[in-house]
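Trainee: Could you take me through one part of this model slowly? I would like to see how its pieces fit together.

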Amino acid sequence: MKTRLLLLEDDLTLSETVVDYFEEQGFDVTAVYDGDEANEVIYENKFDLFLLDVNVPSMNGFELLKTVRENGNTTPAIFITSLNSMNSLEEGFESGCDDYIRKPFELKELLLRVQTIIKREFSNKKESVLKIDENITFDANTNELKKDGEIVQLNFKEQKLLKFFLQNKDELLIHDRIYDYVWDYDEQYSDNSLRTYIKNLRKVLGKDRIVSLKKLGYRFNTK
């Protein structure tokens, strides 16, 4: 399966150059030209890495990645930018990027940075089994929950919900963030269904593991 890249770059010439080069290297590249379009495409598709220009129309690259991270998407990202100040660099990393490359750049350098991150992500995925407590584990690759060595049957949304909690442990997750992550963009979310999924997870994990914060959301406790 090809590695999937999302390229956000409003310079059409540069965009075409990067797309052609990476497709020649065996990547599958989706090109978008403004922040809002990128946000929609990210919401509807799964990518292995984002290549994001910063100064683009509508939502800029920093704002886009910050929004993506707030929605629970942990896909690695590299910023492509002509900004040179330390403040810009700091803002980039604070918004959740993994690397930063300044224009003008050599395509080979960008390729090496992409390959380094992809290799790191692949290595991390091999250690995908997360230990929830002494007798409960969750495999983030297969979405398989085990208790005392036995597989616990979860429906698809319960799997997604548990993965989202484990990505954001000990953090308040407001209802809207949960809805955005668990339900697809063309689905109608349901508060009753969410409560049912929480109830089913608590049966396995213990009622104190997932705490309801009235009118705010939920928190997954590790302690």
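Mentor: **A close look around one strand**

Let's start with Ile-174, which is found in strand β10, residues 172-174. Helices (H or I, at least four residues) and strands (E, at least two) are DSSP runs, numbered from the N terminus. The model is predicted, so local features need pLDDT of at least 70 and side-chain atom pairs count only at pLDDT 80 or more, while totals for chains, interfaces and linings use all residues. Residues are numbered from 1 along each chain as its sequence is written, and side-chain values use heavy atoms, with hydrogens and water left out.

Now step back to the sheet. β10 belongs to an open sheet of 3 strands, in the order β10-β12-β11, with antiparallel pairing. β10 and β11 (210-213) stand at the edges with a single partner strand each, so one side of each is left without a neighbour in the sheet. On average, neighbouring strands here are turned by 30 degrees against each other, direction ignored. Axes are lines fitted to C-alpha atoms, for helices over the stretch in contact, and angles run from 0 to 180 degrees between N-to-C directions.

Two strands pair if DSSP finds at least two bridges between them. β10 and β12 (residues 217-220) pair over 3 bridges, and Leu-172 stands opposite Arg-219 in β12. On the other side of the pairing order, β11 and β12 pair over 4 bridges, with Ser-212 opposite Tyr-218 in β12. The hairpin of β11 and β12 has 3 residues between the strands, and there Lys-215 takes a positive phi near 65 degrees.

Next come the helices. Helix α7 (residues 175-182) packs on the sheet and touches β10 and β12, its direction making about 75 degrees with that of β10. Contact means heavy atoms within 4.5 Å. Helix α8 (residues 191-205) lies across β11 and β12, at about 145 degrees to β11.

How many residues of α7 are buried? In α7, 6 of its 8 residues are buried, so the helix is mostly covered. Buried means under 20% relative accessible area, exposed over 50%, and partly exposed in between (1.4 Å probe, protein chains only). Among the buried residues of α7 are His-175, Ile-178 and Tyr-181. The buried residues of α7 pack against α3 (61-70), α6 (156-167), β10, α8 and β12.

Finally, back to Ile-174: this residue is partly exposed, with a relative accessible area of 39%.
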